[in-house]
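This report covers the fold, the overall dimensions and the nonpolar core of one chain. The sequence and the model are shown first.

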Amino acid sequence: MPNIALWIITISGDQSINDIATRLSAEGLTIRDVLEEIGCITGSADDATAERLKKVNGVVDISPDRQIDIGPPGADETW
């Protein structure tokens, strides 16, 4: 069974984000959020699907979504 991961997709600003989201969904991305203000779409897919999504017209970058813990206020370590 393929490993499903969360992805952040950065899109170009020359096309409708909703049109790109529709194309990504058709290629197998399960859309989580469409963040129009910052030009990103988040969703889940396996690694093979993520590779295919890189070729969708309007996609600039695909990166894994990682948890970040900045720790409590005043903490020495933030990662």
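Among contacts in the chain between residues at least 6 apart in sequence, what percentage join residues at least 24 apart? In this predicted model, the share is 58%.

The secondary structure consists of four strands and two helices, arranged along the sequence as β-α-β-β-α-β. The C-alpha trace spans about 45 × 35 × 15 Å along its principal axes. The radius of gyration of the chain is 14 Å, whereas a compact globule of 79 residues would have one near 12 Å.

Burial and surface values are as follows. Of the 79 residues, 30% count as buried. The accessible surface amounts to about 5,600 Å², and carbon and sulfur atoms account for 50% of that area. The chain carries 14 negative and 6 positive charges, and the mean positions of the two sets lie 9 Å apart.

The largest nonpolar core is made of 15 residues, and those with the most contacts inside it are Ile-9, Leu-24, Leu-29, Ile-41 and Val-59. The elements in the table each supply at least two residues of this core.

| Element | Residue range |
|---|---|
| β1 | residues 4-11 |
| α1 | residues 17-26 |
| β3 | residues 40-46 |
| α2 | residues 47-53 |
| β4 | residues 59-64 |

The greatest contribution to the core comes from α1, with four residues.

Which residues are in contact with Leu-29, leaving aside its neighbours within four places in sequence? They are Ile-9, Leu-24, Ile-41, Gly-43, Ser-44, Ala-45, Thr-49 and Leu-53. Ile-9, Leu-24 and Ile-41 are also among the core residues with the most contacts inside the core.

Note on methods: Residues are numbered from 1 along each chain as its sequence is written. This is a predicted model: local features need pLDDT of at least 70, side-chain atom pairs count only at pLDDT 80 or more; totals for chains, interfaces and linings use all residues. Side-chain values use heavy atoms; hydrogens and water are left out. The radius of gyration is taken over C-alpha atoms; the globule rule is 2.2 Å times the number of residues to the power 0.38. Buried means under 20% relative accessible area, exposed over 50%, partly exposed in between (1.4 Å probe, protein chains only). Contact means heavy atoms within 4.5 Å. Accessible areas come from the Shrake-Rupley method with a 1.4 Å probe; for residues, only the protein chains shown count as cover. Lys and Arg count as positive and Asp and Glu as negative; His and the chain ends are not counted. The place of a charge is taken as NZ of Lys, CZ of Arg, CG of Asp or CD of Glu. A nonpolar core is a set of buried Ala, Val, Leu, Ile, Met, Phe, Trp, Tyr and Cys residues joined through side-chain atoms within 4.5 Å.
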